[in-house]
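Here is a set of short exercises to work through with the model open beside you. Try each task on your own before you read the solution.

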Amino acid sequence: MEVTKKRWGYLALAVTILLFAGIGYAFSLFVAAIETDLSLSRADTSFIFTLCFICFAAGSLITGFLLQKFSAALLLRIGAVMILFGFFTSSKAVQLWQLYFTYSICCGLSIGIAYNIMISVIPLYFQDKVGLATGILLMGFAMSTTLLGPFCEKGLSVMGWRGVFLILGICEAAVFLAGSVGIQMP
């Protein structure tokens with residue numbers, strides 16, 4: 001199959017990756033449960049989210065440099081390990097600093113890795129439709145909370161925030177790993 005046909009499959013895979021990566025924006029769904037469970041203040045939980053997106057930006061920036069030296073597949077595999085580790089260890093957190101390290105830093109950096117790879121690589125397949133491809137990618141990232149939020153809310157009522165974090169870690173790692181097989185520089 002020629003690249004012009006494969007590119008739509010790459011775009012669909014990248015949108016799926018960004019859909020899962022964007023779940024970091026759904027942190028507000030977990031705030032009340034985390035605050036209650038760990039006896040935290042709103043300032044504490046707000047900083048978890050703030051630090052996560054500082055790390056997202058840093059991960060995206062660092063990946064921009066690393067893509068010149070390493071393959072997108074390798075970096076996405078590293079992101080998969082980081083997101084799995086981040087969510088898994090976050091689900092076991094008993095102190096605030098643990099969430100800063102596991103959720104904010106590990107998950108934040110891995111979201112930045114995945115985001116930059118998708119935004120950098122996929123438009124290269126769409127030289128004739130760069131704006132369309134980029135818009136579709138950003139839509140996948142932005143729609144994450146809308147599409148996956150209801151599943152997170154249902155999971156919260158069934159298994160609590162810790163159980164949902166475990167499921168998110170596994171699902172995100174699986175999607176990132178699938179992407180690492182399919183997505184590469186053209």
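Contact here means heavy atoms within 4.5 Å. Keep in mind that this is a predicted model.

**Exercise 1. The core and one of its hubs**

Task: Find which residues have the most contacts inside the largest nonpolar core, and list what I117 touches beyond its sequence neighbours.

Solution:
- Step 1: The largest nonpolar core has 60 residues, and F30, I34 and I117 have the most contacts inside it.
- Step 2: Helix 1 (3-21), helix 2 (31-38), helix 3 (42-66), helix 4 (72-90), helix 5 (96-121), helix 6 (130-142) and helix 7 (144-182) each give two or more residues to this core.
- Step 3: The biggest share comes from helix 5, with twelve residues.
- Step 4: Now select I117. Leaving out residues up to four places away in sequence, I117 touches T63, L67, A72, L75, L76 and I122.

**Exercise 2. Helix lengths and burial**

Task: Check the spans of helix 3, helix 4 and helix 5 against 1.5 Å a residue, then see which residues are buried.

Solution:
- Step 1: Helix 3 has 25 residues and reaches 36 Å from its first C-alpha to its last, close to the expected 36 Å.
- Step 2: For the 19 residues of helix 4 the expected span is 27 Å, and the end C-alpha atoms are 26 Å apart, so the two agree.
- Step 3: Helix 5, with 26 residues, reaches 36 Å, close to the 38 Å expected.
- Step 4: For burial, the cut-off is under 20% relative accessible area. In helix 5, 19 of the 26 residues are buried, so helix 5 is largely enclosed by the rest of the structure.
- Step 5: The buried residues of helix 4 include A72, L75 and L76. These three are also among the residues that I117 touches.
- Step 6: Buried residues of helix 3 include C52, C55, S60 and T63. Their cover includes helix 2, helix 4, helix 5 and helix 6.
- Step 7: Take S60 in helix 3 as an example. S60 counts as buried because its relative accessibility is 13%. Beyond its neighbours within four places in sequence, S60 is in contact with G112, I113, Y115 and N116.

**Exercise 3. Cysteines**

Task: Work out how many disulfides a search of the whole structure finds, and why C55 and C171 are not bonded.

Solution:
- Step 1: A disulfide is a covalent bond between the sulfur atoms of two cysteines.
- Step 2: The search finds zero disulfides.
- Step 3: The closest cysteine sulfur to that of C55 is in C52, and the 7.1 Å between them is too far for a bond. C55 counts as buried, at 10% relative accessibility.
- Step 4: For C171 the closest cysteine sulfur is in C152, and 9.5 Å is again too far for a bond. C171 counts as partly exposed, at 30% relative accessibility.

**Exercise 4. Where helix 2 meets helix 7**

Task: Describe how the axes of helix 2 and helix 7 cross, and follow R162 to its partners.

Solution:
- Step 1: The two axes come within 11 Å and cross at roughly 75°, so helix 2 is roughly perpendicular to helix 7.
- Step 2: On the helix 2 side the meeting residues are A33, I34, D37 and L38; on the helix 7 side they are L156, W161, R162 and F165.
- Step 3: R162 counts as partly exposed, at 24% relative accessibility. Not counting residues up to four places away in sequence, R162 touches D37, L38, S90, S91, K92 and A93.
- Step 4: R162 and T89 are 73 residues apart along the chain, and their C-alpha atoms are separated by 9.6 Å.

**Exercise 5. Two loop residues**

Task: Say what phi S39 has, and whether M143 is buried, partly exposed or exposed.

Solution:
- Step 1: Most residues other than glycine have a negative phi.
- Step 2: S39 is not a glycine, yet its phi is positive, about 55°.
- Step 3: S39 sits in the loop between helix 2 and helix 3 and is exposed, with a relative accessible area of 66%.
- Step 4: M143 lies in the loop between helix 6 and helix 7 and is partly exposed, with a relative accessible area of 33%.
- Step 5: The C-alpha atoms of M143 and V15 are separated by 9.9 Å, although their places lie 128 residues apart along the chain as a sequence separation.

Note on methods. Residues are numbered from 1 along each chain as its sequence is written. This is a predicted model: local features need pLDDT of at least 70, side-chain atom pairs count only at pLDDT 80 or more; totals for chains, interfaces and linings use all residues. Side-chain values use heavy atoms; hydrogens and water are left out. A nonpolar core is a set of buried Ala, Val, Leu, Ile, Met, Phe, Trp, Tyr and Cys residues joined through side-chain atoms within 4.5 Å. Buried means under 20% relative accessible area, exposed over 50%, partly exposed in between (1.4 Å probe, protein chains only). Helices (H or I, at least four residues) and strands (E, at least two) are DSSP runs, numbered from the N terminus. A disulfide is a pair of cysteine sulfur atoms within 2.5 Å. The expected span of a helix is 1.5 Å times one less than its number of residues. Axes are lines fitted to C-alpha atoms, for helices over the stretch in contact, and angles run from 0 to 180 degrees between N-to-C directions. Angles under 35 degrees count as roughly parallel, over 145 as roughly antiparallel, 65 to 115 as roughly perpendicular and the rest as oblique.
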